[in-house]
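Colleague: I have a while to look at this one with you. Can you pull it up and talk me through a few places in it?

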Amino acid sequence: GRGCYIGFVLRDVRLACHQRYRVLRADVGWGILCGHDRHRKLPAARNVGHSTVTKSKQQKNAILTIVCLLALAVFGAAMVWLHYQQLCSPGGGDDPYTSDLGQHLYFAQQGMIYSTVSLLIGPAYDIAGRIGIAVLLAVFHLAAVAVFAWGLRAALPESTRPVRLLVSLAVNLATAVWMPRGGYWYQGTVGGTIYHNTTYIMLAPFALLTMLAFYRVWPTVRGRLDLRSYAVYTVLLTVATSFKANLIFAFAPALLVLLIADFVRSRAKNLKNEILMGCSVFPGVALCFVQARVLFAAEDSGIRLIFTVPFDHHRMLWGPFNEAGVLGLARSFVFAAAVGLLLGRAAWKSFRYRFSLFTFAVSMAEALLLVESGERLYHANLWWGPFICFWAFWLESVSVFLAQCRAKAPRWRLVLCGLALVWHLASGVCFLVMLLCGVSYNVPILTYNLW
């Protein structure tokens, strides 16, 4: 009786387990056939492979992170050393490490406050001397690289942060391309990375942050304005202007044209938001007047139309006034022109590309048509506008090129653009090595004879 009962129970349990196993096996097979596995723990071999791939990816990311940190550390150390040598230089244009750093420090020590730079380098010098200013400038260089890498996210969405930082560091070493009998290594050219001017070095990260913040807030003008993004953009524009006013000189007219075009296109439907966007430049413009009272204190100083002021064409080293200036401009835009001509259809679809190009065009027009009068006539300070606006345009040109590499555009177009970029990078590395070795940025290319 009892033994028979236990036998029947064991038989029923065995049959139930067998049936459950058949159903489970069928369910797993159906899931694999359909492309999804609801029981991921069953195929142990697959989990082992996935773990191996994940571990390999983690190791690769760790190596990239280490390489990135080492590259940034080397670049930062090089900037500290270079700027320290420049601060120890007597200046004047003849010294191998001549720069504007010593003059800006002198202005700050004499109480000539016209820029936020004056408020930063003075305390840095009091704390750690020249090395304190050199470290401060190196931090701004690294900040500019980081902001540029942040701007590359749209072009490299699947790349990790170390990869974007390495790409940013590489492309920011670019200068005008070298060519035989090409004029000066620096004078007459336009580029985004500068090593000898304190105000520009500190302006660079904030200028690019301003442009990126503007790109974020502008799409909301045609609907509900994003007030938080608007506030961030306005503050960044004001802070950038406090370092150097050249960005807002070009950005404000470009924004005005953009607002007028949007007003006509929308038939005044976005008038309230357009007025708010226009008001964003007012704090920066107010700072420009404060700075002008310090910089143009002399009676004969100011800004004039260039054709109303007599000048020596050979001493005007920027612009189309002599052979060196023409060659310098031509050498500056090889990659940007290649992207515009070969990848222009894809580039023109990007609002960021179009607006940065327009802003750069406005800055170039201002630099070509306007000039400072008096003793600042040949200082070419208005050319800092094309420099900083070209850097924003350089970001978009590089972004278009990288995006088209991912989209597999025609190979010959990408090869030509890539060769142009490599030409810029090789020239920039050579220029930086020359600076580190004590060759002045004023030196002409050796095979060139100005007269």
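Modeller: Let me begin with a side-chain pair: in this predicted model, the side chain of Thr199 makes a polar contact with the side chain of Lys244, at 2.7 Å.

Colleague: Where does Thr199 sit, and is it buried or exposed?

Modeller: Thr199 is found in helix α6, which spans residues 198-217, and Thr199 counts as buried because its relative accessibility is 3%, where the cut-off for buried is under 20%.

Colleague: What else does Thr199 touch?

Modeller: Not counting residues up to four places away in sequence, Thr199 touches His104, Tyr114, Ser115, Val117, Phe243 and Lys244, so Lys244 appears among its contacts as well as being its partner in the polar contact.

Colleague: OK, and Val217, which helix is that in, and what does it contact?

Modeller: Val217 is also found in helix α6, and at 0% relative accessibility it counts as buried. Leaving aside neighbours within four places in sequence, Val217 is in contact with Leu225, Asp226, Ser229, Tyr230, Tyr233 and Met277. The C-alpha atoms of Val217 and Arg228, eleven residues apart along the chain, are separated by 8.8 Å.

Colleague: Changing topic to pockets: how much space lies in the second largest pocket, and which residues are closest to its centre?

Modeller: The second largest pocket holds about 290 Å³ of space, and of the 13 residues that line it, the closest to its centre are Trp150, Arg153, Leu212, Ala213 and Arg216.

Colleague: Which helix gives the most to that lining?

Modeller: Helix α6 gives the most to the lining of the second largest pocket, with five residues, while α4 (116-151), α6 and α7 (227-243) each supply at least two.

Colleague: And how do the lining residues divide by chemistry?

Modeller: The lining of the second largest pocket divides into eight nonpolar, two polar and three charged residues.

Colleague: Since α7 came up, what about Thr234, buried or exposed?

Modeller: Thr234 is found in helix α7 and counts as buried because its relative accessibility is 14%, against a cut-off of under 20%. Leaving aside neighbours within four places in sequence, Thr234 is in contact with Ser280 and Pro283, and its C-alpha atom is separated by 9.2 Å from that of Phe282, 48 residues apart along the chain.

Colleague: What does Ser168 contact?

Modeller: Ser168 lies in helix α5, residues 161-171, and is buried with a relative accessible area of 0%. Its contacts, leaving aside neighbours within four places in sequence, are Val145, Phe148, Ala149 and Leu152.

Colleague: Now α12, which of its residues are buried?

Modeller: The buried residues of helix α12, which covers residues 334-342, are Phe335, Ala336, Ala338, Val339 and Leu342. Seen down the axis of α12, these buried residues fall within an arc of 160 degrees, so they line one face of the helix.

Colleague: Why would a spacing like that end up on one side?

Modeller: An α-helix has 3.6 residues a turn, so residues three or four places apart point the same way.

Colleague: And what covers the buried residues of α12?

Modeller: What covers the buried residues of α12 includes α13 (344-347), α15 (384-406) and α16 (411-436).

Colleague: Last thing, the whole chain: how many helices and strands, and what share of residues is buried?

Modeller: The protein has 16 helices and two strands, and buried residues make up 47% of its 451 residues. Of the contacts with a separation of 6 or more, 78% are between residues 24 or more positions apart.

Methods
Residues are numbered from 1 along each chain as its sequence is written. This is a predicted model: local features need pLDDT of at least 70, side-chain atom pairs count only at pLDDT 80 or more; totals for chains, interfaces and linings use all residues. Side-chain values use heavy atoms; hydrogens and water are left out. On a 1 Å grid over the protein atoms alone, a cavity is a set of points where a 1.4 Å probe fits but cannot get out, and a pocket is an open set with protein on both sides within 12 Å along at least five of seven lines; lining residues have an atom within 4 Å of a point. Grid points are joined across faces, edges and corners, and a volume is the space filled by probe spheres set on the points. Helices (H or I, at least four residues) and strands (E, at least two) are DSSP runs, numbered from the N terminus. Ala, Val, Leu, Ile, Met, Phe, Trp, Tyr, Cys and Pro count as nonpolar, Asp, Glu, Lys and Arg as charged, and the others, Gly among them, as polar. Buried means under 20% relative accessible area, exposed over 50%, partly exposed in between (1.4 Å probe, protein chains only). A polar contact is a pair of N or O atoms within 3.5 Å; within protein, one must be able to donate a hydrogen and the other to accept it, and residues adjacent in sequence count only if both atoms are side-chain atoms. Contact means heavy atoms within 4.5 Å. The arc is that of the directions from the helix axis to the C-beta atoms.
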